[in-house]
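Let us walk through this protein together, from its surface to its interior. Please have the sequence and the model open as you read.

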Amino acid sequence: MDQTMNQTEQEKQNNSKNENTIEQKPKTVKKKYSIYTALNQLKNGVLDNNPILVQVLGTCPTLATTTSVTNALGMGIAATSVLIFSNLFISLLRKFIPKEIRIASYIVIISGFVSAIEMLIKAFFPELDKSLGVFIPLIVVNCIILARAEAFASKNSPLPSVVDGLSMGIGFSAALLILASMREIIGTGTIAGYPIFGENFRGALIFIMPPGAFIMLGFLVAIVQQLKLSMEKSKSRAEHNKLKEIILNSSLILNSSLIPNNNDQVIVSENTEEIKTDINISEKIETESKNTFEITGEIKSEAEETGEN
């Protein structure tokens with residue numbers, strides 16, 4: 001009895017050890033954050049997933065603050081600084097914020113930085129504060145900032161989150177500056193208040209008004225989408241050509257190395273002309289066999305008809 005009890009205890013211990021070894025998950029090796037990944041993030045925010053020209057987010061401040069280059073620059077710097085600092089603090093606090101109240105927590109963090117930037121603009125740039133007006137406080141509910149907080153900063157470490165905020169801010173600011181410069185040049189003939197075409201130039205005032213903002217934004221989005229499509233087509237063509245070259249090279253190597261003979265021997269051939277003649281002969285044999293099959297089918301059908309008669 002004692003021996004049986006000892007055996008059962010040993011079996012239980014062995015089973016518990018096996019279960020522990022099964023439950024132990026393999027350690028995941030974290031990839032180090034490098035300059036290459038940071039450059040990819042910058043490219044993603046500025047070109048591939050531009051928040052305005054590709055994702056079409058934050059259209060309200062985009063259309064309202066792009067009447068001049070100075071307004072667009074001020075709005076871009078304010079939004080970029082809010083993106084950087086909000087992403088940093090949300091990333092630092094991501095493990096302490098409950099999932100149920102995460103959106104409200106993000107808004108509280110963002111509103112703190114927005115109020116600080118608003119006070120700085122009022123203190124040092126009163127004219128910019130008058131021209132931008134309500135759109136600086138409205139950065140709190142900007143969908144670009146909330147989207148990056150939810151999609152990236154809440155799931156990544158502080159350094160990538162800061163780079164993500166910087167890249168999205170640069171992309172947002174670049175789109176604002178492009179749109180504002182086009183509207184200001186066509187609408188008033190100036191850039192940042194400085195005349196380009198002289199005092200007698202009469203611009204199309206519609207481009208300074210809201211309809212002009214919609215028209216110019218539509219043109220810019222269409223141009224960006226066309227460029228993306230052309231780049232994707234060129235990439236697909238290059239990949240297709242590479243596949244063609246690989247297939248041709250592989251077929252030439254196989255044909256030049258191994259050709260089966262009737263006596264199941266392998267003949268090594270180095271001349272491609274011989275390969276072509278062999279291929280032509282095989283094609284002729286196939287066509288002749290098809291013709292013989294057709295002739296035999298016709299003979300059978302005629303024989304059946306005569307038998308019926």
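**From surface to core**

Leu-92 counts as partly exposed, because its relative accessibility is 45% (buried means under 20% relative accessible area, exposed over 50%, and partly exposed in between, with a 1.4 Å probe and protein chains only). You will find Leu-92 in helix H4; helices (H or I, at least four residues) and strands (E, at least two) are DSSP runs, numbered from the N terminus.

Before going further, a word on what you are looking at. This is a predicted model, in which local features need pLDDT of at least 70 and side-chain atom pairs count only at pLDDT 80 or more, while totals for chains, interfaces and linings use all residues. Residues are numbered from 1 along each chain as its sequence is written, and side-chain values use heavy atoms, leaving out hydrogens and water.

How confident is the predictor? The average pLDDT (the predictor's confidence in each residue, from 0 to 100) is 81 for the protein, and 72% of the residues score at least 70. Among the elements, helix H4 (residues 69-92) has the highest mean pLDDT, 95, and strand S4 (residues 266-267) the lowest, 44. Residues 21-26 have a pLDDT below 50, and this stretch makes 0 contacts beyond near neighbours in sequence (a contact means heavy atoms within 4.5 Å). Residues 261-271 are also below 50, but there the model has 13 such contacts.

Back to the surface: Leu-92 joins Phe-85, Phe-89, Leu-93 and Phe-96 in a nonpolar surface patch of about 500 Å². Such patches take residues with over 30% relative accessible area and no salt bridge, with nonpolar side chains joined within 5 Å; a salt bridge would be a side-chain nitrogen of Lys or Arg within 4 Å of a carboxyl oxygen of Asp or Glu.

Just before H4, Ser-68 sits in the loop that follows helix H3 (59-64). Ser-68 counts as buried because its relative accessibility is 14%, and it touches Ala-180 and Glu-184.

Now step inside. The largest nonpolar core (buried Ala, Val, Leu, Ile, Met, Phe, Trp, Tyr and Cys residues joined through side-chain atoms within 4.5 Å) has 34 residues, of which Ile-52, Val-82, Ile-136 and Ile-139 touch the most other members. Elements giving two or more residues to this core include H4, H5, helix H8 (158-188) and helix H9 (210-257). Among the residues that Ile-139 touches are Met-75, Val-82, Ile-110 and Ile-145. Apart from this core lies another, of 7 residues, including Ile-90 and Ala-153.

Methods. Patch = residues over 30% accessible without salt bridge, like charges linked within 9 Å, V, L, I, M, F, W, Y side chains within 5 Å. Areas by Shrake-Rupley, 256 points an atom, 1.4 Å probe, with all protein chains shown as cover. Lists of a residue's contacts leave out its neighbours within four places in sequence.
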